Amino acid sequence: MQQKHTWDGNQPKAWMRIGSYGGVVPVTTNRIMHGLRPILNAPGTQTREYIWAGDIARGACDVAEFELGRCEFNLASRKPVSVVEIISKIVEIMNWKGGIEEGPARPGDVMRMETISNAAETYLGWKPTKSLDEALRETVEWFNATQPR
């Protein structure tokens, strides 16, 4: 049986969108762990606002507790980084010497993703706590500790 939810206009409601937290990071890390070259899809200059999963989780809890009425919250780093920079950082962290494979452009790939997270900071006091380098190091450590080779 499907449960229906209604909106009567008096209930507080908040929405949340998040910046990039996956995709190229786990794929690149996993490929290197298995001795495969990471793939950089052309042109490599696509930008994303990568964000650590722990910051997303904390932000989701903050949004769930929000009680001031209807609001949209974007959780993002505010620091766009290109895909080639992300892959290069992972290659460095993992001390990979096997090179990077150039792949074709992906149809429909978005060249630039940026999010304004002013409401999250203003109403929730939320900001990312980890730098990109810290988050990537922690992610690579987690992969090394938990993923089969």
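**Entry 1. A term to settle before starting**

I count a helix pair as oblique when the angle between the axes falls outside three ranges: under 35 degrees for roughly parallel, over 145 for roughly antiparallel, and 65 to 115 for roughly perpendicular. I also remind myself that this is a predicted model.

**Entry 2. α1 against α5**

I started with helix α1, residues 24-33, and its packing on α5. I found an angle of about 50 degrees, with the two axes 11 Å apart. The pair α1 and α5 is therefore oblique. I noted the crossing of α1 and α5 as right-handed.

Next I listed who meets whom. From α1 come Val25, Pro26, Thr29, Asn30 and Met33, and from α5 come Leu136, Thr139, Val140, Phe143 and Asn144. Sorted by class, the residues of this α1 and α5 contact give 6 nonpolar, 4 polar and no charged.

**Entry 3. α3 against α5**

I then asked myself at what angle the axes of α3 and α5 cross. For helix α3 (residues 83-93) and helix α5 (residues 132-146) I get roughly 55 degrees, and the axes come within 10 Å. That angle makes α3 oblique to α5. The crossing of α3 and α5 is right-handed.

On the α3 side I wrote down Ile86, Lys89, Ile90 and Ile93; they meet Leu132, Asp133, Leu136, Arg137 and Val140 of α5. The class count for the contact of α3 with α5 is 6 nonpolar, no polar and 3 charged. I compared my lists here: Leu136 and Val140 of α5 appear in the contact with α3, and Leu136 and Val140 appear in the contact with α1 as well.

**Entry 4. α1 against α3**

To close the triangle I looked at α1 and α3. Their axes come within 10 Å and cross at roughly 35 degrees. I noted a right-handed crossing for α1 and α3.

The α1 residues in this contact are Val24, Val25, Thr28, Thr29 and Ile32, and they meet Val83, Ile86, Ile87, Ile90 and Val91 of α3. By class I have 8 nonpolar, 2 polar and no charged residues for the contact of α1 with α3. Val25 and Thr29 of α1 are in this list, and Val25 and Thr29 are also in the list of α1 residues that meet α5. Likewise, Ile86 and Ile90 of α3 meet α1, and Ile86 and Ile90 are among the α3 residues that meet α5.

**Entry 5. Valine 81**

I moved to a single residue in strand β5, valine 81. Is valine 81 buried or exposed? At 10% relative accessibility, valine 81 counts as buried, because buried means under 20%.

Leaving out residues up to four places away in sequence, valine 81 touches Gln46, Thr47, Arg48, Tyr50, Ile86 and Leu132. Two of these names were already in my notes: Ile86 of α3 and Leu132 of α5 are part of the contact between those helices. I also checked threonine 45: the C-alpha atoms of valine 81 and threonine 45 are 8.6 Å apart, across 36 residues of sequence.

**Entry 6. Loops and backbone**

My next stop was the loop between β2 (39-41) and β3 (47-48), where proline 43 sits. The peptide bond from alanine 42 to proline 43 is cis, and omega is near 0 degrees.

Which residue has phi near 65 degrees? It is arginine 78, a residue other than glycine with a positive value. Arginine 78 belongs to the loop between β4 (71-75) and β5 (81-82), and at 38% relative accessibility it counts as partly exposed.

The loop between α3 and β6 (101-103) holds asparagine 95. Phi of asparagine 95 is also positive, near 55 degrees, and asparagine 95 is exposed at 53% relative accessible area. Lysine 97 is in the loop between α3 and β6 too, exposed with a relative accessible area of 71%. I get 9.8 Å between the C-alpha atoms of lysine 97 and isoleucine 32, which are 65 residues apart along the chain.

**Entry 7. The whole chain**

Last, the overview. I count 5 helices and 6 strands, in the order β-α-β-β-α-β-β-α-β-α-α from the N terminus. Of the 149 residues, 32% are buried. The exposed area is about 9600 Å², with 51% of it from carbon and sulfur atoms. Among contacts between residues at least 6 apart in sequence, 92% join residues at least 24 apart.

How values were computed. Residues are numbered from 1 along each chain as its sequence is written. This is a predicted model: local features need pLDDT of at least 70, side-chain atom pairs count only at pLDDT 80 or more; totals for chains, interfaces and linings use all residues. Side-chain values use heavy atoms; hydrogens and water are left out. Helices (H or I, at least four residues) and strands (E, at least two) are DSSP runs, numbered from the N terminus. Buried means under 20% relative accessible area, exposed over 50%, partly exposed in between (1.4 Å probe, protein chains only). Contact means heavy atoms within 4.5 Å. Accessible areas come from the Shrake-Rupley method with a 1.4 Å probe; for residues, only the protein chains shown count as cover. Axes are lines fitted to C-alpha atoms, for helices over the stretch in contact, and angles run from 0 to 180 degrees between N-to-C directions. A crossing is left-handed if the near helix is turned anticlockwise from the far one by less than a right angle, and right-handed if clockwise. Ala, Val, Leu, Ile, Met, Phe, Trp, Tyr, Cys and Pro count as nonpolar, Asp, Glu, Lys and Arg as charged, and the others, Gly among them, as polar.
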